Amino acid sequence: MNKVLCLGVITFYFAATTGAPRYEPEGMQNLHCGENAMPWVDARQFCEGRNQILAMPKAMDEVQLVLNTCPGRNNWIGAHQFFLYSGEKFRYLDNTVVPKNLWDVGQPDNRGGVSEDCAAIHVYTKNIHDYPCQDHLYPVCQDLY
């Protein structure tokens, strides 16, 4: 039997066997494209202010859904590097690792030696890239379920 713990706008389910938190989305629902570019932290707050969360595409069809819904721009997603917890892997806000097949070739790369600790969907390559968190990109939000 699963226990439910509500923290703010995110509900975590604790698996009875592992005790690890898991986010249980019912797919990416009601995507919202922010109209203004902003740094990643501001994008996260923008979505939370709408009672949503930065989108967390977990399959290529969900990446394509983001691109179709919010076309012509690079879109922040809910993933960044959690050095303390993940051994420098990119993780979603629900603490799951970003699947390798969603990254563009050679990504993540910290291009030019610059710390690129936040993730976005690149409009031209149609895959995930790492970016400096202070870059101004567009948020894409999804509902929480």
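Visitor: Let's start with helix α1. Which residues of α1 are buried?

Guide: In this predicted model, the buried residues of α1 include Trp40, Ala43 and Cys47. They span an arc of only 55° around the axis, so they sit on the same side of α1.

Visitor: And which residues are exposed on the other side of α1?

Guide: There you'll find Gln45 and Gly49, which are exposed.

Visitor: What do the buried residues of α1 pack against?

Guide: Strands, four of them by name: β5, β6, β8 and β10. While you're at that end of the helix, look at Asn51, just after α1, where phi is positive at about 60°.

Visitor: How should I think about a nonpolar core?

Guide: Here's the general idea: in soluble globular proteins, nonpolar side chains tend to be buried together. In this structure, the largest nonpolar core contains 33 residues. Trp76, Tyr92 and Ile128 have the most contacts inside this core.

Visitor: Which elements each supply at least two residues of this core?

Guide: The list is α1, β5 (52-54), α2 (60-69), β6, β7, β8, β9 and β10. The biggest contribution comes from β8, which gives four residues.

Visitor: You mentioned Tyr92. Which residues is Tyr92 in contact with, leaving aside neighbours within four places in sequence?

Guide: Quite a list! Among them are Met56, Pro57 and Lys58. Tyr92 also touches Ile77, Gly78 and Ala79, and its contacts include Val97, Val98, Leu102 and Ile128 too.

Visitor: Now strand β6. How many of its residues are buried?

Guide: Seven of its seven residues are buried. You can sort them by face: Asn75, Ile77, Ala79 and Gln81 lie on one side, with Trp76, Gly78 and His80 on the other, and both faces are covered.

Visitor: Which strands does β6 pair with, and in which sense?

Guide: Take them one by one. β6 and β8 run antiparallel and are joined by three bridges; within that pairing, Trp76 has Ala120 of β8 as its bridge partner. β6 and β7 also run antiparallel, again with three bridges, and here Gln81 is partnered by Phe90 of β7. With strand β10 (residues 138-143), the pairing is parallel, over two bridges. In that case Asn75 of β6 has Tyr138 as its bridge partner.

Visitor: What about β8 and β9, how do they pair?

Guide: They pair in the antiparallel sense, over four bridges. One of the partnerships puts Ala120 opposite His129 of β9. The two strands form a hairpin, with six residues between them. In the turn, look for Lys126, which has a positive phi of about 65°.

Visitor: Are the residues of β9 buried or exposed?

Guide: Buried, on both faces: Ile128 and Asp130 are on one side, His129 and Tyr131 on the other.

Visitor: How do I read a pair of aromatic rings?

Guide: A pair of aromatic rings is described by the distance of the centres and the angle of the planes. The model has two aromatic pairs by this rule. Trp76 and Tyr131 make an edge-to-face pair, with centres 6.2 Å apart and 85° between the planes. This pair links distant parts of the chain, since Trp76 lies in β6 (residues 75-81) and Tyr131 in β9 (residues 128-131), 55 residues apart. Both Trp76 and Tyr131 are buried.

Visitor: Why is the pair of Phe90 and Trp103 edge-to-face?

Guide: Look at the angle: the planes are at 65°, with the ring centres 4.9 Å apart, so the pair of Phe90 and Trp103 is edge-to-face. Phe90 belongs to strand β7 (residues 90-92), whereas Trp103 is in the loop between β7 and β8 (118-121), 13 residues away. Phe90 has 4% relative accessibility and so counts as buried. Trp103, at 11%, counts as buried too.

Visitor: One last thing: what is the mean pLDDT of the protein chain?

Guide: The mean is 81, and 77% of the residues reach 70 or more. Among the elements, helix α1 (residues 40-49) has the highest mean pLDDT, 98, while strand β2 (residues 10-14) has the lowest, 28. Over residues 1-25 the pLDDT is below 50, and this stretch has 46 contacts in the model beyond near neighbours in sequence.

Methods
Residues are numbered from 1 along each chain as its sequence is written. This is a predicted model: local features need pLDDT of at least 70, side-chain atom pairs count only at pLDDT 80 or more; totals for chains, interfaces and linings use all residues. Side-chain values use heavy atoms; hydrogens and water are left out. Rings of Phe, Tyr and Trp (its six-membered ring) pair if their centres lie within 6.5 Å; planes under 30 degrees apart count as stacked, over 60 as edge-to-face and the rest as tilted. Buried means under 20% relative accessible area, exposed over 50%, partly exposed in between (1.4 Å probe, protein chains only). Two strands pair if DSSP finds at least two bridges between them. pLDDT is the predictor's confidence in each residue, from 0 to 100. Contact means heavy atoms within 4.5 Å. A nonpolar core is a set of buried Ala, Val, Leu, Ile, Met, Phe, Trp, Tyr and Cys residues joined through side-chain atoms within 4.5 Å. The arc is that of the directions from the helix axis to the C-beta atoms.
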